[in-house]
Amino acid sequence: MRTMGSWRAIGAAGVVVAVAGCAEMPMSGASGGKMSFFVTSAGPGKGGDLGGLAGADAHCQKLASAAGAGDRTWRAYLSTQGDALNDPSAIDARTRIGTGPWYNAKGVRVARNVEDLHSASANITKETALDENGKIVNGRTEKPNKHDILTGSRPDGTANPPTVSGRYSDMTCGNWTKSGEGRAMIGHHDRSGPVDHAWATSWNSSHQTIGCSQDALTKTGGAGLFYCFAEK
């Protein structure tokens, strides 16, 4: 017959075992396992021609679905330009992606909200800007270099001025419909550039590509990749 003391000892041992067991269990991310941000593992393959915003969104949705996150509404972080200075049709990337917070495939938070995303505290680095499968995307010092990420945006996530009479440059490969002539603004997902300057280390607004073809994007330092955010 067991004494009260022996039962207490067994109970204590059980607690220790339970705690040890919990320590061995994999921890889900702070997002509760819900990925809401990723860099595309590949682009559609037509350079800057993403099929417009609709095509880019569909590509995000397709990759997310293949990774088991297709139950969310995905949007590409891309801006478009208008046809005139007062053209209301220009779209800001920051208005397309919901309100946050956003987490990568490993459950690491990259931003609390839109303002945080476009501030100095945004947690977008080579280690956090993972693709939909949770893999690191090649940075500037690796081959092939894939750190140029298409955005068409200014640092605050808004659209660039329109291409009016050649006065302003094409920053969106013709609003993501061109795979030849034109250019696009890109950011550096690894926050790395040839110099330690704000423009060179910006995740969303660093410099223009040399063209819009897949070859031109590769020569510039990218692969036609872009950011995807879960709007809902």
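How many aromatic pairs does a search of the whole structure find? The search finds eight aromatic pairs. The model is predicted. Mean pLDDT for the protein chain is 88, with 85% of residues at 70 or more. Strand 8 recurs throughout this briefing: nine of its nine residues are buried, so the rest of the structure largely encloses this strand.

**Confidence**

- Residues 1-32 have pLDDT below 50. Beyond near neighbours in sequence, that stretch has eight contacts in the model.

**Strand 8 and its partners**

- Strand 8 spans residues 222-230.
- Strand 1 runs antiparallel to strand 8, and three bridges join them. Here Phe 37 stands opposite Phe 229.
- Strand 2 also pairs with strand 8 in the antiparallel sense, over three bridges. Ala 76 has Cys 228 of strand 8 as its bridge partner.
- Strand 5, residues 148-150, pairs with strand 8 in the parallel sense, again over three bridges. Leu 150 stands opposite Phe 226.

**Aromatic pairs**

- A pair of aromatic rings is described by the distance of the centres and the angle of the planes.
- The ring centres of Phe 37 and Phe 229 are 5.0 Å apart, with the planes at 55°, so this pair is tilted.
- Phe 37 sits in strand 1 (residues 37-39) and Phe 229 in strand 8, so their pair ties together parts 192 residues apart in sequence.
- Phe 37 is buried, at a relative accessible area of 0%. Phe 229 is buried too, with a relative accessible area of 0%.
- Trp 203 and Tyr 227 make an edge-to-face pair, at 5.2 Å centre to centre and 75° between the planes.
- That pair links distant parts of the chain, 24 residues apart. Trp 203 is in the loop between strand 6 (185-188) and strand 7 (207-208), and Tyr 227 is in strand 8.
- Trp 203 and Tyr 227 are both buried.
- Ring pairs link a cluster made of Phe 37, Tyr 77, Trp 102, Trp 203, Tyr 227 and Phe 229.

**Nonpolar cores**

- In soluble globular proteins, nonpolar side chains tend to be buried together.
- The largest nonpolar core here has 22 residues. Those with the most contacts inside this core are Phe 38, Leu 50, Trp 74, Leu 78, Leu 150, Trp 176 and Phe 226.
- Elements giving two or more residues to this core are helix 2 (52-66), strand 2 (74-76), helix 4 (173-176) and strand 8. Helix 2 gives the most, with five residues.
- A second, separate core has 20 residues, including Ala 93, Ile 97, Val 110 and Ile 124.
- What does Leu 150 touch, leaving aside residues up to four places away in sequence? Among its contacts are Leu 50, Tyr 77, Leu 78 and Trp 176. Ala 184, Met 185, Ile 186 and Leu 217 are also touched by Leu 150. In strand 8, Leu 150 touches Gly 224, Leu 225 and Phe 226.

**Disulfides**

- A disulfide is a covalent bond between the sulfur atoms of two cysteines.
- A search of the whole structure finds two disulfides.
- Cys 60 is joined to Cys 228, with S to S at 2.0 Å. The link is left-handed, at -80° about the S-S bond.
- Cys 60 lies in helix 2 and Cys 228 in strand 8, so this disulfide ties together parts that are 168 residues apart in sequence. Both Cys 60 and Cys 228 are buried.
- Cys 173 is joined to Cys 212, with S to S at 2.1 Å. This link is left-handed, at -100° about the S-S bond.
- The Cys 173 and Cys 212 pair links distant parts of the chain, 39 residues apart. Cys 173 is in helix 4, and Cys 212 is in the loop between strand 7 and helix 5 (214-220). Both Cys 173 and Cys 212 are buried.
- Counting bonded cysteines along the chain, the disulfides follow the pattern 1-4, 2-3.

Technical notes:
Residues are numbered from 1 along each chain as its sequence is written. This is a predicted model: local features need pLDDT of at least 70, side-chain atom pairs count only at pLDDT 80 or more; totals for chains, interfaces and linings use all residues. Side-chain values use heavy atoms; hydrogens and water are left out. A nonpolar core is a set of buried Ala, Val, Leu, Ile, Met, Phe, Trp, Tyr and Cys residues joined through side-chain atoms within 4.5 Å. Buried means under 20% relative accessible area, exposed over 50%, partly exposed in between (1.4 Å probe, protein chains only). Helices (H or I, at least four residues) and strands (E, at least two) are DSSP runs, numbered from the N terminus. Contact means heavy atoms within 4.5 Å. Rings of Phe, Tyr and Trp (its six-membered ring) pair if their centres lie within 6.5 Å; planes under 30 degrees apart count as stacked, over 60 as edge-to-face and the rest as tilted. pLDDT is the predictor's confidence in each residue, from 0 to 100. Two strands pair if DSSP finds at least two bridges between them. A disulfide is a pair of cysteine sulfur atoms within 2.5 Å.
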